[in-house]
Amino acid sequence: MKKLVPTSIVGSLPKPAWLAPPEKLWSPWKLEGDQLIEGKQDALRISLQEQQLAGVDIISDGEQTRQHFVTTFIEHLSGVDFENRKVVKIRDRYDASVPIVVGEVARQKAVFVDDAKFLRQQTNKPIKWALPGPMTMVDTLYDDHYKSREKLAWEFAKALNEEARALQEAGVDIIQFDEPAFNVFFDEVNDWGMAALERAIEGLKCETAVHICYGYGIQANNDWKKTLGSEWRQYEEIFPKIQKSNIDIVSLECHNSNVPLNLIELVRGKKVMVGAIDVASNTIETPEEVANTLRKTLEFVDIENLYPSTNCGMAPLSRDVARGKLSALSAGAEIIRKEFAI
């Protein structure tokens, strides 16, 4: 990145109501066939336009072409049965009906590459693409084949690496791996989760990021947060391992959270996507609130490594609220740039 303090969103933006029912996860498509393909591209254009109008520096697809940040990738792999499902507890927090691994999983074809090429054609700005991380994929289905979370994670990492390499060839500048499971299964992260993520980024020359937050602003996640006490120290368990990894950027939740910001010191030297927008609230932050969150983190991250962002995705929010939050993010970052005369 040439621009200092570049802004970006973590992942999703709300979809237009004509494409999918708004303000919900796993929202079903309203279109079919060629109309769905065209509708997804139109939504991607809108997402791009709204990011550009808000002054966002690193453009994402807003996840307009996928139903869910994890399962849409899994849908395109062999060895997974989406017809027969099981209810499992995801992230040790809430029950969900998920697909079943019934055989060897493998990437049969490109999943997001055409979408990434389409986005690349629409803008000259740097683009970032999000993929689910191996551990979070394992935690979002039922395994009836490998019977080992670690073995399954390594197979997913192989498939992710194939997709990531193709996305890099398509012109993606940053590939982000979403790993909310890292905030729950600390022992597994340190035993094999981080190693599986390293396998997923193997051989990449573009920048890589890992996004670890406290989840979408849905009730199950909000209720879980209430049980975490006055200090959320989950990052303390996993940041030392991440600091030693080849991941370039670490994305974390800061604004309106109880995360002690001095934990960022544990990933000193990495670029940090500081979550300065609360996605669990409809209240639109002021630019000064965003700037204040960023100021607080600058004690622990060098300004050239500061990447203002959202805490998580904004799919469950209204489009008006999401637009307002994007504009606040950009305006808050501009305050910081002026303060540092950059």
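User: How much space lies in the second largest cavity?

Analyst: Rolling a probe the size of a water molecule over the atoms shows where empty space is left. In this predicted model, where local features need pLDDT of at least 70, side-chain atom pairs count only at pLDDT 80 or more, and totals for chains, interfaces and linings use all residues, the second largest cavity (points of a 1 Å grid over the protein atoms alone where a 1.4 Å probe fits but cannot get out) holds about 130 Å³, a volume being the space filled by probe spheres set on points joined across faces, edges and corners. Residues are numbered from 1 along each chain as its sequence is written, and side-chain values use heavy atoms, without hydrogens and water.

User: Which residues line the second largest cavity?

Analyst: Its lining (residues with an atom within 4 Å of a point) has 18 residues, and Lys 15, Lys 24, Leu 25, Gln 67 and Ala 315 lie nearest the centre. Nine of the lining residues are nonpolar, four polar and five charged, with Ala, Val, Leu, Ile, Met, Phe, Trp, Tyr, Cys and Pro counted as nonpolar, Asp, Glu, Lys and Arg as charged, and the others, Gly among them, as polar.

User: What volume does the largest cavity have, and what lines it?

Analyst: Among the five cavities of 30 Å³ or more found in the whole structure, the largest has a volume of about 210 Å³. Around this largest cavity stand 23 lining residues, with Phe 69, Pro 180, Gly 215, Tyr 216 and Cys 312 nearest its centre, and by class that lining comprises eleven nonpolar, eight polar and four charged residues.

Notes
On a 1 Å grid over the protein atoms alone, a cavity is a set of points where a 1.4 Å probe fits but cannot get out, and a pocket is an open set with protein on both sides within 12 Å along at least five of seven lines; lining residues have an atom within 4 Å of a point.
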